[in-house]
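Thanks for coming, everyone. I'll keep this short. Let's put the model up and walk through it.

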There are 2 protein chains.
Amino acid sequence: MTVIYQRVALIGLGLIASSMAHAMRENGLAGEIVGHAKSPETRATALEIGLCDRVFDTAAAAVQGADLVVLAVPVGAMDAIAAEIGPHLAAGCTVTDVGSVKQAVIEAVAPHLPEGVAFVPGHPLAGTEHSGPRSGFASLFVNRWCLLTPIEQSSPEATAHLRALWEGMGAKVDEMDPAHHDLVLAVVSHTPHLIAYTMVGVADHLRRVSNSEVIQYSASGFRDFTRIAASDPTMWRDVFLTNKDAVLDILGRFTEELFVLQRAIRMGDGQQLFDYFTRTRAIRRGIIEAGQDTAAPDFGRVAPPAKPGE
Amino acid sequence: MTVIYQRVALIGLGLIASSMAHAMRENGLAGEIVGHAKSPETRATALEIGLCDRVFDTAAAAVQGADLVVLAVPVGAMDAIAAEIGPHLAAGCTVTDVGSVKQAVIEAVAPHLPEGVAFVPGHPLAGTEHSGPRSGFASLFVNRWCLLTPIEQSSPEATAHLRALWEGMGAKVDEMDPAHHDLVLAVVSHTPHLIAYTMVGVADHLRRVSNSEVIQYSASGFRDFTRIAASDPTMWRDVFLTNKDAVLDILGRFTEELFVLQRAIRMGDGQQLFDYFTRTRAIRRGIIEAGQDTAAPDFGRVAPPAKPGE
Ligand SMILES: NC(=O)c1ccc[n+]([C@@H]2O[C@H](COP(=O)([O-])OP(=O)(O)OC[C@H]3O[C@@H](n4cnc5c(N)ncnc54)[C@H](OP(=O)(O)O)[C@@H]3O)[C@@H](O)[C@H]2O)c1
Ligand SMILES: NC(=O)c1ccc[n+]([C@@H]2O[C@H](COP(=O)([O-])OP(=O)(O)OC[C@H]3O[C@@H](n4cnc5c(N)ncnc54)[C@H](OP(=O)(O)O)[C@@H]3O)[C@@H](O)[C@H]2O)c1
């Protein structure tokens, strides 16, 4: 229970920011938590459920006097927010973000920040398909990775301080080059999401199979896709627009390999299919051994706790 | 606790058959359970853990005197098994199968069965990525669908009887035309599996991203894919070889739509991406409303019970 920042300003009060608020409170990491979100409704909710001690009508007002500012808005909104808050940041404060893409966020945010302000870009690898201020929970980051991608504007002290905050919320922290981050995430998250969206879209368009059949019989395989494809459209639009090069690179490889398997199916080449499917099993074993999931079919995702009063 | 069949012969003693054995015992549905699997190891295990009252070295011996024979082997093995057991089936008995593809199984099995034997093809929509005689558990089918695809050789009485067995094991039963079954499954299960296998394969082949990075950071999206792609290679090879037409049809539509989204990314068409992602959310809501999953990020899959002695 060590206070790491005296005043944390959360800009954006959705899934990630509200989970941070719960986690910081539970672990006594912040002296005060203030915030701003675009809509009056979200700001009212944040006060009502105690996410923030104070909310402000503008981001510029929210960041004043804060020693940590967390940009937790969709990636496409970072540029305007950074331009707005730049002149109002306290000397010596740290700005971080939680965006799912790093190079584009750095390009959008860094130019707006004055000297004497550290910028330490970050990305917690944790989420659910829910969004908004009521969707957060304190344990979202427990045992999950948070990747920091320090740049020139990140002082080693500011990076170490931010690392302590994430560790205090239960996360494991790693540092990585921003471009490498964007490639890794294109592989493990962005492209799989696009594929899941596409497959769910195909099912939706098929005339001969009704939506109710798709829904009823989606016990295997497809259900995971629908969960992935239920994620917030704004967030994912921004991810694909801003991590375009890496996603297009991985997508190209994906269709190439898919065509190889498609051809094996058409040709009836069972050996090739068998060999391919055998190799992919090993990756799964690695994930279980790395503790990211369990062998049991039902574990592996963070369950939100019962809501207070439920 | 009504005995529905006096003697059930399970041919193949893997995930599905062993789950049926546990479920039939727990619910008192079978007078006696006998079985056969290819390897002596599996047969020994089945006796040791009490899956079967008796095991036989051949399928032909196992089916003698049984009033229900369940073919629970990979789809590609059905033909040879049916040819072997055909002459040994008791008059009036029912043969069913649990194969993931229906038209190909019907073509492989039906010609080998003598008159006076009913053949009621079936497919429980339940599974995990595990296989073998130790992977089964009694609750696998609870609240899951089992699709029966009756044909000319299925008498209404035999179909009704088999339906009672599945309902006794906790499943919901529906009837469907075999060709329609294969198309629906190509959409909700087979094509998603192929896509997951492919994406995991792409990750494995990427030089610039190490496997350990893929494994460590697979918290979102990709982890579901690895789980799907860890399924049994033999079973899935057979599925793709035998449900070829429907899978190729759906794959063609999938790549078509994927190219549309890929182009939108390349062109920076955020509106098109946003609209697409918004539409796919609705399907997810439908699944939650249909009770196939819950809104909580952690529910929805059947958890195996603690193993006896654990
Ligand atoms: N969800 C995940 O799985 C996940 C995981 C890791 C990282 N991330 C990243 O975290 C960030 C936030 O995602 P989230 O899931 O927390 O989103 P979310 O639940 O949809 O919340 C977004 C928040 O940003 C606010 N906002 C949007 N535009 C704004 C603007 N122009 N000015 C001020 N506030 C604005 C919204 O305000 P209103 O409520 O008033 O609209 C809302 O409070 C994104 O960059 C995303 O890439 C998400
Ligand atoms: N797994 C799923 O998610 C799922 C869901 C629904 C339907 N199905 C269908 O259910 C069937 C069985 O799948 P499963 O998951 O239970 O597979 P599994 O766990 O791999 O077990 C397959 C069983 O079949 C036996 N076998 C294989 N070839 C044989 C042969 N020629 N003669 C006798 N026994 C043979 C194996 O014996 P050994 O152990 O001796 O090798 C093993 O006991 C497949 O048709 C599959 O399509 C599977």
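Let me start with a question: how far from an oxygen atom of ligand 2 does a backbone N or O atom of B:Ile16 lie? The answer is 2.9 Å. Please keep in mind that this is a predicted model.

Let's stay with ligand 2. B:Gly132 also brings a backbone N or O atom to an oxygen atom of this ligand, at 2.8 Å. B:Lys38 does something similar with a nitrogen atom of ligand 2: its backbone N or O atom sits 3.3 Å away. On its own, ligand 2 has 910 Å² of accessible area, and the protein covers 85% of it. In total, 29 residues surround the ligand. The closest are B:Leu13, B:Ser39, B:Thr42, B:Val73 and B:Ser100.

Now over to ligand 1. Again, 29 residues surround the ligand. Here the closest are A:Leu13, A:Ser39, A:Thr42, A:Val73 and A:Ser100. Look at A:Ser100. A polar atom of its side chain lies 2.7 Å from an oxygen atom of ligand 1. Two backbones come in as well. A polar backbone atom of A:Leu15 is 2.8 Å from an oxygen atom of the ligand. For A:Gly14, a polar backbone atom is 3.4 Å from an oxygen atom of ligand 1. And the burial? Ligand 1 exposes 910 Å² when taken alone, and the protein buries 85% of that.

Next, the layout of chain A. Chain A splits into domain 1, residues 5-176, and domain 2, residues 180-289. Measuring over C-alpha atoms, the centres of these two domains of chain A are 31 Å apart. The domains do touch. Domain 1 of chain A puts 16 residues in contact with 15 residues of domain 2 of chain A. Together they bury about 1,200 Å² between them. Of that area, 67% is on carbon and sulfur atoms.

What about charges between the domains of chain A? There is one salt bridge between domain 1 and domain 2. A:Glu129 and A:Arg227 meet through their side chains in a salt bridge, at 3.7 Å from N to O. On the domain 1 side of this contact in chain A, we have eight nonpolar, six polar and two charged residues. Five residue pairs are in polar contact between the two domains of chain A.

Hold on to A:Arg227, please. Which residue of chain B does A:Arg227 form a salt bridge with? B:Asp224, with the closest N and O atoms 2.3 Å apart. So much for one pair; let's take the whole interface.

Chain A and chain B bury about 10,200 Å² between them. Carbon and sulfur atoms hold 68% of that area. The contact takes 103 residues from chain A and 103 residues from chain B. Four salt bridges cross the interface of chain A and chain B. Between the chains, 20 residue pairs are in polar contact.

To wrap up, here are the points to take back to the bench. Each ligand is 85% covered by protein, ligand 1 and ligand 2. A:Arg227 pairs with A:Glu129 and with B:Asp224. And chains A and B bury about 10,200 Å² between them. Happy to take questions.

How values were computed:
Residues are numbered from 1 along each chain as its sequence is written. Chains are lettered from A and ligands numbered from 1 in the order in which they are written. This is a predicted model: local features need pLDDT of at least 70, side-chain atom pairs count only at pLDDT 80 or more; totals for chains, interfaces and linings use all residues. Side-chain values use heavy atoms; hydrogens and water are left out. Domain bounds come from an automatic or database domain assignment. Contact means heavy atoms within 4.5 Å. Buried area is the accessible area (1.4 Å probe) that two parts lose on being put together, summed over both. A polar contact is a pair of N or O atoms within 3.5 Å; within protein, one must be able to donate a hydrogen and the other to accept it, and residues adjacent in sequence count only if both atoms are side-chain atoms. Ala, Val, Leu, Ile, Met, Phe, Trp, Tyr, Cys and Pro count as nonpolar, Asp, Glu, Lys and Arg as charged, and the others, Gly among them, as polar. A residue is near a molecule or strand if one of its heavy atoms lies within 4 Å of it. Accessible areas come from the Shrake-Rupley method with a 1.4 Å probe; for residues, only the protein chains shown count as cover.
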